Amino acid sequence: MPADTKHWTQALESADLDEGAHWPVVVEGRSICLYRAAGAVYATDDVCSHGHANLSDGYLEGYEIECPFHQGRFDIRTGEPTQMPCTEAIATFPVEEHDGFVWIAVR
Ligand code: FES
């Protein structure tokens, strides 16, 4: 476990998240989407800020996730919207990889 005050939760085996893949997980009751882009892992809320679509059903291109409902986009590194109709950021979460697992801190 990382030595800090965050509450880290084991979310997924690292081997289950291939390069360019994204995958939904539920951590502490919160729906999260994990992504692997350029070797690194990122985590955002799974629910789009424009509606109630799951971003894990969308399309990942580089560092952008495209929502399956209206094709809005977000930067998975920051949660900031990058394409209309999305105007409100989604939450992002700290992630780490060690011991063969992806760990996430949602609080
Ligand atoms: S619900 Fe995601 S862009 Fe509309």
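Colleague: Happy to look at this with you! Which residue in S3 does His-22 stand opposite?

Modeller: A word on the ground rules: residues are numbered from 1 along each chain as its sequence is written. This is a predicted model, in which local features need pLDDT of at least 70, side-chain atom pairs count only at pLDDT 80 or more, and totals for chains, interfaces and linings use all residues. Strands here are DSSP runs of E with at least two residues, numbered from the N terminus. In S3, the residue opposite His-22 is Tyr-35.

Colleague: Thanks! How many bridges join S2 to S3?

Modeller: Strand S2 covers residues 22–27 and strand S3 covers residues 30–37, and they run antiparallel. Two strands pair if DSSP finds at least two bridges between them. Val-26 stands opposite Ser-31 in S3, and the bridges joining S2 to S3 number six.

Colleague: And which residue in the turn of that hairpin has a positive phi?

Modeller: S2 and S3 form the hairpin with two residues between them. The positive phi is about 50 degrees, and the residue is Glu-28.

Colleague: Which strands stand at the edges of the sheet with the order S2-S3-S4?

Modeller: This is an open sheet of three strands with antiparallel pairing. Each edge strand has a single partner strand, so one side of each is left without a neighbour in the sheet; the edges are S2 and strand S4 (40–45).

Colleague: By how many degrees are neighbouring strands of this sheet turned against each other on average?

Modeller: Axes are lines fitted to C-alpha atoms, and angles run from 0 to 180 degrees between N-to-C directions. With direction ignored, the average for neighbouring strands of this sheet is 30 degrees.

Colleague: Nice. What is the order of the open sheet of four strands?

Modeller: Its edge strands, each pairing on one side only, are strand S5 (59–61) and strand S8 (81–83). Three bridges join S5 to strand S6 (residues 64–66), which run antiparallel, and Leu-60 stands opposite Ile-65 in S6. The pairing in this sheet is antiparallel, and the order is S5-S6-S7-S8.

Colleague: Which strand gives the most to the largest nonpolar core?

Modeller: A nonpolar core is a set of buried Ala, Val, Leu, Ile, Met, Phe, Trp, Tyr and Cys residues joined through C-beta atoms within 7 Å. Of the 21 residues in the largest one, those touching the most other members include Ala-11, Leu-34 and Val-102. Strand S1 (8–13), S2, S3, S4 and strand S10 (101–105) each supply at least two residues of this core. With four residues, the strand that gives the most is S3.

Colleague: Is Glu-97 buried or exposed?

Modeller: Glu-97 lies in strand S9 (residues 95–98). Leaving aside neighbours within four places in sequence, Glu-97 is in contact (C-beta atoms, placed from the backbone, within 7 Å) with Ser-14, Val-41 and Val-102. A residue is buried if 20 or more other C-beta atoms lie within 10 Å of its own, exposed if 12 or fewer, and partly exposed in between. Glu-97 has 15 other C-beta atoms within 10 Å, so Glu-97 is partly exposed.

Colleague: Last one: what is the radius of gyration of the protein chain?

Modeller: The chain has zero helices and 10 strands. The radius is taken over C-alpha atoms, and the globule rule is 2.2 Å times the number of residues to the power 0.38. For 107 residues that rule gives 13 Å, so the chain is as compact as a globular protein of that length, with a radius of gyration of 13 Å.

Note on methods: Two residues are in contact if their C-beta atoms, placed from the backbone, lie within 7 Å.
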